[in-house]
Amino acid sequence: MQFPTTSSPFTPASNTVNRVMLQVLIALLPAIGIMFWLFGNTLLIQLLLSCSTALLAESCILWLRKKPIRMHLLDLSALVSAVLLALAIPTVAPWWISVSGTLFAIIIAKHLYGGLGYNPFNPAMAGYVFLLISFPQQMTAWQLPFDVISSATVLDHTKTQLGLDFSLDKIRTSPLFGYAAGKGWEYLSLAYLLGGLWLLQRKVISWHIPVAVLLGLTIPALTAYLIDSSRFTSPLFQLFSGATFCGAFFIATDPVTAATSNKGRLIFGALLGSLIYIIRTWGGYPDAIAFAVLLANLAAPSIDYYIRPKRT
């Protein structure tokens, strides 16, 4: 009689891919709940489209590559990418936006490079950038919270109005604004922050990248605001606008596409946070998270090369 054997060590790992991805999905539930409260059933449609497309695309590519389908589907990595992308897409966007963006994320950004563990770019952000560049009109028309009107986000609106020489005091009178940033978006930012802190408490992610990202954004924002508060938005506005906390806790911490050492993670996060502020302030895409993440992903191998952990 033959018994199946495996090589040592025999102690199973405490954090499997499936376990990590499942906890990320759980941590995203507060943000999904807030977005459902703000935008209604249209969010569920985007989630259904993205998740079903991701699972179907993943299955087809795995079959073509002669890889075990069930095992790879159960690692939930495709599902996490799909959910993150769906949360970034305007809820009023047509169905083909979600489908094409998810196909690009799974097929091109993930499997073209060899699948999970080999992709140099965050799949969800690669899919988002593909959509933003290809279909800018559909990707910048958001339904206003608690309303049926579609409009630009508060970041888009602020950047456009500043370009027309309006003062920030005048711009803040817009109904888009809430207490600190966009109306309703502050609650979504708090939901991402809550989920991110839970991931830290569960030790799914380390503190290095989120803290470095937030400081990398806050320090230049505070400096510019102190120099000219009539032209530059406050650090609080920068932190609670757009997808700042989602980017810091859920996207930048992707273990495949980020730096690996603790010192490298601090550099990676600070670079990402600085890029967010630079692109938001002087670039053409106000939210900037996706572009900043992809640029930081490009720098991650060099950071790892020069910042190598020392043997102990």
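Hi everyone, let's begin with the overall fold: this protein has 16 helices and two strands in its secondary structure. Please keep in mind as we go that this is a predicted model. There are 312 residues in the protein, and 48% of them are buried. If you take the contacts in the protein with a separation of 6 or more, 73% of them come from residues 24 or more positions apart. As for the surface, the protein exposes about 15,800 Å², and carbon and sulfur atoms supply 67% of that.

Now to the pockets. How much space lies in the largest pocket? About 670 Å³. The largest pocket is lined by 32 residues, and Val20, Thr253, Asp254, Pro255 and Val256 are the ones closest to its centre. Several helices take part here: α1 (17-27), α5 (77-88), α7 (123-134), α12 (208-227) and α14 (244-251) each give at least two residues to the lining of the largest pocket. If you are thinking about chemistry, that lining is made up of 20 nonpolar, nine polar and three charged residues. Both domains are represented too, with at least three residues of the lining of the largest pocket drawn from each of domain 1 (18-138) and domain 2 (160-306).

On to the second largest pocket, which has a volume of about 490 Å³. Which residues lie nearest its centre? They are Ala88, Tyr128, Trp142, Ala243 and Asp287, out of 29 residues that line the second largest pocket. The helices that each supply at least two residues of this lining are α5, α7, α9 (154-163), α11 (185-201), α14 and α16 (289-306). By class, the lining of the second largest pocket comes to 23 nonpolar, four polar and two charged residues. And where does the second largest pocket lie? It lies between domain 1 (18-138) and domain 2 (160-306), because both give residues to its lining.

You may have noticed α14 coming up for the largest pocket and again for the second largest pocket. So let's stay with α14 for a moment. Eight of the eight residues of α14 are buried, so this helix is largely enclosed by the rest of the structure. If you want to find them on the screen, the buried residues in α14 are Thr244, Phe245, Cys246, Gly247, Ala248, Phe249, Phe250 and Ile251.

Some of those names return when we look at leucine 84. Leucine 84 sits in helix α5. Is leucine 84 buried or exposed? It counts as buried, because its relative accessibility is 6% and the buried class covers anything under 20%. Leaving aside residues up to four places away in sequence, leucine 84 touches Leu28, Ala124, Cys246, Phe250 and Ile251. Leucine 84 and methionine 125 are also worth a look: they are 41 residues apart in sequence, with 8.5 Å from C-alpha to C-alpha.

Another residue to look up is phenylalanine 121, in the loop between α6 (95-110) and α7. Again leaving out residues up to four places away in sequence, phenylalanine 121 touches Ala109, Tyr113, Thr257, Leu294, Asn297 and Leu298. The C-alpha atoms of phenylalanine 121 and alanine 258 are separated by 9.0 Å, with these positions 137 residues apart along the chain.

For a residue that is neither buried nor exposed, try threonine 223 in helix α12. Threonine 223 counts as partly exposed, at 43% relative accessibility. From threonine 223 to proline 235, which are 12 residues apart along the chain, the C-alpha atoms are separated by 9.1 Å.

Last, a word on backbone angles. Most residues other than glycine have a negative phi. Lysine 66 has a positive value, with phi near 55 degrees. You will find lysine 66 in the loop between α3 (41-64) and α4 (69-73), and it counts as exposed at 74% relative accessibility. Lysine 203 also has a positive phi, near 60 degrees. Lysine 203 is in the loop between α11 and α12, and it is exposed, with a relative accessible area of 69%.

That's my tour; thanks for listening, everyone.

Methods
Residues numbered from 1 in each chain as written. Predicted model: local features only at pLDDT ≥ 70, side-chain atom pairs only at ≥ 80, totals over all residues. Heavy atoms only, no water. 1 Å grid on protein atoms, 1.4 Å probe; cavity = no way out; pocket = protein on both sides within 12 Å on 5 of 7 lines; lining within 4 Å. Points joined across faces, edges and corners; volume = space filled by probe spheres on them. Helix = DSSP H or I, 4+ residues; strand = E, 2+ residues; numbered from the N terminus. Nonpolar A, V, L, I, M, F, W, Y, C, P; charged D, E, K, R; others polar. Domains from an automatic or database assignment. Buried < 20%, exposed > 50% of the residue type's maximum accessible area, 1.4 Å probe, protein only. Contact = heavy atoms within 4.5 Å. Areas by Shrake-Rupley, 256 points an atom, 1.4 Å probe, with all protein chains shown as cover.
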